[in-house]
Structures are given as C-alpha cells and as structure tokens.
Amino acid sequence: MTEEARVPEIASPEKILSVDNIEVIYDHVILVLKGVSLSVPLGGITALLGANGAGKTTTLKAISNLLKAERGEVTKGKVIFKGEEVQGLSPNDLVRRGCIQVMEGRHCFGHLTVEENLLTGAFTRRDGNAAIKDDIEMVYDYFPRLRERRGSQAGYTSGGEQQMVAIGRALMSRPTMILLDEPSMGLAPQLVEEIFEIVKKLNEEQGVSFLLAEQNTNVALRYAKYGYILESGRIVLDGDAAALRNNEDVKEFYLGLGGEGRRSFREVKHYKRRKRWLA
Amino acid sequence: MDVLYTIFIDPFVQMAEAPDFLLQVVWEGFVAGILYALIALGFVLIYKASGVFNFAQGIMVVFAGLSLVGLHEMGVPALLALIMAIGVMAILAICIEKFVMRPLVGQPDIILLMATIGMTYFLIGLGEFIFGGEPKQMITEELGLPTGSTAFEMDNGGLVILQHIDIAAAVIALIMVGGLAVFFNRTRIGRALRAVADDHTAALSVGISLNQIWAIVWFAAGIVALATGIMWGARSDVSFALEIVALKALPVLILGGFTSIPGAVIGGLIIGIGEKIGEIYWGGLVGGGIESWLAYMIALIFLLFRPQGLFGEKIIERI
C-alpha cells in the first residue's frame with residue numbers, strides 16, 4: 001500500500017525526471033510558473049526553450065531546489081526524480097542522489113584554482129581520494145584545456161573555460177542528471193558548438209541525462225532529442241526536436257526564419273493572437 | 001621650529017637614547033597587537049564564510065572566558081572546564097546557525113548585521129544570568145599557562161621584561177593562524193568554506209551544505225574567541241568591559257582586509273605597536289590619550305587610499 005503511494009503512475013521506468021504541474025511563487029506574491037509539466041527520459045537530452053523571463057531558470061531551480069535561497073517556493077505540483085518525490089529536499093540531498101544544476105552565468109569560485117573548483121564538486125562524495133583523482137583525470141580528458149589551466153585562479157580564465165569548469169565541477173559529483181542552464185550565454189559560436197559537442201559526448205559515454213535550458217533554439221534543437229517551449233510560465237508547445245525545428249511557429253518566433261519573405265506588422269499581430277489562443 | 005622639532009626629531013632622539021625602553025614599548029604593543037589580531041581573526045572567519053560582519057565576536061570572547069572560569073568556580077577541574085567551554089562554543093555555534101542564520105538566509109546583509117547586534121545583547125544577558133556580572137580572575141595557573149617573567153639586560157644596562165604569559169599568547173596565536181591556514185587550504189571542508197565565501201548559490205548548487213559550513217565556521221570563531229578570552233583574561237580579568245575593547249578589531253580589519261587571515265595578524269600587530277609607540281612618544285604633545293583613537297585614524301586613512309586593506313582579496317571582475 002505505502003509502496004504504491006510512493007511510486008505514482010507518472011514515474012514510468014524510462015523517465016529519470018518528471019515535473020508534474022508545478023507552480024512557483026516568489027516572495028509569496030509573484031507567480032512565475034503557472035503549471036509546468038515536463039519529463040526527461042533516462043539517458044536523454046531534453047531542451048527547455050523560451051525567451052528571457054519565460055521561466056526556464058525558475059523551472060530548473062524548482063527542480064534542483066535552489067529556489068529557497070531566492071525566496072521562491074513551489075506551491076503546487078510534484079517533482080519526481082528516479083521515482084521519488086524530491087520537492088522539499090535540500091540541494092545537497094539532490095546532488096547526493098545524482099541530480100545537479102549548472103547555473104546560468106557559470107558561477108565559478110573565482111578565487112579558487114581550476115582544480116580546486118573541480119574538487120568542490122566532489123563535496124558530497126564519500127568514496128575516497130583515489131576515485132576522486134581518477135574522476136579529475138576523466139574531466140581533464142573531456143576538457144583538455146582545463147588540464148593546462150589547472151593551477152590558475154578560475155576568476156582569471158576565459159568565459160569558455162569557466163563554462164567548462166562549471167560543467168566539469170558538476171561531473172565531479174558523479175551525476176546521472178545535469179540541469180544545464182544557458183551554457184551558450186556570452187560565448188562565441190564556435191565555443192558554443194564545442195561545449196554542446198562535449199554535452200553530447202557525456203550523454204553518450206557516461207549516460208548522463210540532460211535538461212537543457214537555452215535561448216539559442218537553433219543549437220539546442222540540433223543536440224536535444226525532445227524539446228519544450230516555455231512562454232510566460234507555461235509550456236506552449238512540445239515535441240520531438242526534429243518536429244519542432246520544422247514547426248512554423250517555432251521557425252517564425254525562435255529560429256528567425258520567416259516563411260515567405262517579410263511579413264507585414266498586421267500579420268504578425270494576427271499570428272500572436274492565434275498563438276495565445278492555442279496556449 | 002620648536003613644534004616641528006618636538007614632532008619630527010625629539011621622539012626619535014628619545015628612542016635612540018633609550019633603546020631598552022623602546023624595545024619594551026614595542027613588545028607591549030606586539031602583545032596587545034596579537035590580542036587584537038585574535039579578535040580580528042574571529043571576525044574574518046565569519047565574514048569570509050557568510051559575508052556577515054559579526055558584531056557579537058567581542059561578546060563571544062567574554063562568554064567563552066566566562067564559561068571557562070565559571071565552570072571552574074562551580075568545582076569543575078581546569079582542563080575539564082576547558083573542554084566543556086569548547087563544548088559550550090560548539091553548542092552556541094549550532095544554535096546560532098539554526099536559530100539566526102538559517103531563518104535569515106538570503107536576507108540583505110544589514111539584517112544579518114542587526115541580528116548579530118541582537119545576539120550580542122542576548123549573550124550579555126545570558127552571561128550575566130548564569131555567571132553573574134562581576135569581573136572574574138582567569139584561572140591561568142590551573143590551566144598550566146606560564147606565569148612570571150624574564151628580564152633581559154641590554155648593553156647599556158637597561159632591562160627589557162617579557163611576561164611569560166605574553167610569550168605564550170604569541171605562540172598560541174601563531175599556532176592558531178598556522179592551523180587555520182592549513183585547514184583552509186588543505187582540507188575538504190576548508191575548500192568548501194572558501195567556495196562558500198566566493199559564491200553562496202554556486203556552493204549550494206554543487207551540493208555543499210551551507211548549514212553545515214556555517215556551524216563549523218561559527219564553531220571555529222568560537223574556539224578563537226575562547227583562546228582570546230583566556231589570553232586577555234590572564235592579562236587583566238574576565239569582564240564584560242572586554243566586549244568594548246573588541247571593537248578595536250574594526251580598524252585592524254580595515255587595515256588588514258576583511259577577508260585575509262594574514263591581514264588580520266599583520267593589521268593587529270601594526271595597530272598594537274603603532275598605538276603604543278604613538279602614545280609614549282607623541283602622546284604628550286596632545287595631552288595623552290592617543291591610544292584610544294589612533295587606530296581609528298589609521299583606519300580612516302586606509303579607507304581613503306586602499307579600501308580593500310593591505311591583504312584584502314582583489315575583486316576579480318571580468319569585462
């Protein structure tokens with residue numbers, strides 16, 4: 001009886017993470033997420049797309065439970081990770097269970113060296129120094145550039161290197177699921193490509209599942225298998241990445257590919273109206 | 001001319017004429033400086049880890065000293081009382097983390113500062129309630145700390161007298177600073193502490209438990225407070241007046257930088273030695289009493305020209 005209660009229907013075995021109709025309120029008054037549901041399959045890369053302020057970061061923080069430090073609160077709905085409800089757990093507990101967030105804007109520890117940054121990622125581990133050393137080498141194999149810069153203070157490394165430090169640091173906790181927030185932010189296109197290639201490699205070789213919040217719809221949909229589009233705190237569209245790429249609305253609003261030449265302003269207005277109605 | 005002579009020449013002539021006296025003054029300043037440094041160290045620990053300026057560090061010194069002496073007065077043997085006083089600081093740290101820091105997480109700095117002022121008054125009340133308000137004698141001998149003094153004879157026949165307890169204070173301070181440096185740079189918890197100091201949210205996101213780290217930091221500051229309480233108590237006595245003296249740590253911090261452990265030590269020594277020399281050689285010019293404000297003047301000048309202090313961490317900013 002209790003066993004059944006702990007494993008609700010929504011947590012079917014092939015899903016590592018499901019978010020069920022969550023609502024998030026900041027400061028007790030500001031309603032940011034108005035019922036968001038999504039799921040990530042085990043071993044998948046799922047993209048969460050949307051413009052500034054759509055609620056991507058809030059969704060990720062609601063999952064990793066970093067919201068509390070910002071006076072946000074999940075007031076409705078459930079987050080299920082590996083078949084267990086995890087809302088209300090501390091970020092520390094979640095990292096222990098294998099779900100870690102890489103925050104937007106890198107957030108490296110500026111005064112620590114690159115290697116010390118990686119070591120902080122192993123804070124929750126209890127499997128001894130030898131295993132941690134092995135994993136540092138593994139991170140250096142994925143990011144050879146970090147090996148060269150292991151002794152420099154992270155604050156003095158470049159933006160791309162800091163993003164690598166942030167992802168490497170998360171890897172050090174031996175996660176099964178990484179919530180990756182805007183890895184492309186402020187990086188040159190070539191570097192964005194490089195970072196996404198590594199994400200793909202990590203997914204294939206280490207079996208890490210990813211939930212990827214991105215504004216760069218084009219790149220995100222090339223690497224993800226499934227995508228959700230978030231708009232003012234609601235999911236307005238979801239589907240296979242390939243299908244989304246060919247969707248007229250997505251092309252128009254997120255990929256910047258207007259159908260036939262320039263549209264008149266009147267038509268755009270009409271378009272928006274139709275979309276809102278659909279949502 | 002006369003004024004210039006008494007300001008710029010005469011003091012140095014005096015110093016040269018009586019080097020033994022100068023040495024004695026410097027030593028006295030050095031010892032005072034070490035005690036300032038120990039208090040500043042407690043501030044730095046908490047400031048680094050939680051960005052809070054802990055107004056209560058002074059009363060923690062008094063409270064730690066009172067617990068030690070008070071327990072001994074109740075009939076507990078000295079060494080056991082010491083261990084129990086460490087226990088008291090641990091309990092205090094856990095309580096502060098649970099009832100002050102945790103509910104106030106994410107609040108503006110000013111609110112946390114006000115909370116530490118509140119804690120100060122709470123601890124004054126609690127200390128007076130349990131141990132009474134009268135000054136107490138530190139149990140120096142019972143703890144096995146050296147008493148007495150050694151006199152060194154100088155070439156010119158003068159004497160320099162070093163109190164053994166002062167030498168012990170210097171050695172203990174040195175060991176504490178060394179121990180903290182190793183702890184910060186070589187251990188897993190120390191690294192996590194520095195990570196928290198750099199970026200709270202990022203530390204949270206990689207699974208570092210802020211609650212655990214804060215309790216540890218407040219405990220470390222409590223241990224430093226206990227050491228300060230013993231050393232300072234041995235020089236005068238354990239009383240609530242110490243709490244005011246602890247504010248001297250403020251100029252020390254401005255001089256040394258709020259985030260630097262070596263800065264706290266060197267800042268403490270500069271302030272300690274500077275104010276003693278200033279008082280003895282220049283104090284007469286303005287009718288004495290320099291000691292009580294010179295430190296703040298030095299701090300003011302530093303604020304104008306080097307606001308991050310001598311050793312404060314440079315703010316790394318990428319553009």
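Two residues are in contact if their C-beta atoms, placed from the backbone, lie within 7 Å. With that in hand, welcome to the tour. The model is a predicted one, in which local features need pLDDT of at least 70, side-chain atom pairs count only at pLDDT 80 or more, and totals for chains, interfaces and linings use all residues. Residues are numbered from 1 along each chain as its sequence is written, while chains are lettered from A and ligands numbered from 1 in the order in which they are written.

**Stop 1: chain B as a whole**

Select chain B. In this chain, residues 24 or more positions apart make up 74% of the contacts with a separation of 6 or more. Colour by secondary structure and you should find 13 helices and two strands; helices (H or I, at least four residues) and strands (E, at least two) are DSSP runs, numbered from the N terminus. The radius of gyration, taken over C-alpha atoms, is 21 Å for chain B, close to the 20 Å that the globule rule gives for 319 residues, so chain B is as compact as a globular protein of that length. That rule is 2.2 Å times the number of residues to the power 0.38. Along the principal axes, the C-alpha atoms of chain B fill a box of roughly 65 × 60 × 35 Å.

Now for burial: a residue is buried if 20 or more other C-beta atoms lie within 10 Å of its own, exposed if 12 or fewer, and partly exposed in between, with C-beta atoms placed from the backbone. Of the 319 residues of chain B, 44% count as buried.

**Stop 2: the core and B:Ala40**

A nonpolar core is a set of buried Ala, Val, Leu, Ile, Met, Phe, Trp, Tyr and Cys residues joined through C-beta atoms within 7 Å. The largest one has 172 residues, and B:Ala37, B:Ala40 and B:Val217 have the most contacts inside it. Show helix α9 (residues 210-235) of chain B next, since this helix gives the most to the core, with 19 residues.

Then centre on B:Ala40. Which residues is B:Ala40 in contact with, leaving aside its neighbours within four places in sequence? They are B:Ala249, B:Val252, B:Leu253, B:Gly256, B:Ala264, B:Gly267 and B:Gly268.

**Stop 3: B:Ala16 and the chain B hairpin**

Go to B:Ala16 in helix α1 (residues 2-17) of chain B. Is B:Ala16 buried or exposed? B:Ala16 counts as exposed, with 9 C-beta neighbours inside 10 Å.

Next, select β1 (residues 149-153) and β2 (residues 159-163) of chain B, which run antiparallel and are joined by five bridges; two strands pair if DSSP finds at least two bridges between them. B:Phe152 has B:Val160 as its bridge partner in β2(B). Five residues lie between the strands of this hairpin, and B:Gly157 in the turn has a positive phi of about 95 degrees.

**Stop 4: the six-stranded sheet of chain A**

Switch to chain A and look for an open sheet of six strands in the order β6-β7-β8-β3-β9-β10, with mixed pairing. Its edge strands are β6 (99-102) and β10 (234-240), each pairing on one side only. Inside the sheet, β3 (residues 45-49) and β9 (residues 226-231) of chain A pair in the parallel sense over four bridges, and A:Leu48 stands opposite A:Tyr228. β9(A) and β10(A) pair in the antiparallel sense over six bridges. In their hairpin, two residues lie between the strands and A:Ser232 takes a positive phi near 35 degrees.

In edge strand β6, pick A:Gln101. This residue is buried, with 32 other C-beta atoms within 10 Å. Leaving aside its neighbours within four places in sequence, A:Gln101 has contacts that include A:Leu60, A:Asp181 and, from the other chain, B:Ser205.

**Stop 5: the four-stranded sheet**

Staying in chain A, find an open antiparallel sheet of four strands in the order β2-β1-β4-β5. Nine bridges join β1 (residues 15-26) to β2(A), with A:Val19 opposite A:Leu38.

**Stop 6: where the chains meet**

Finally, show both chains: 19 residues of chain B are in contact with 29 residues of chain A. On the chain B side, α7 (188-198) and α8 (200-205) are the elements that give two or more residues. The largest share, six residues, comes from α7(B).
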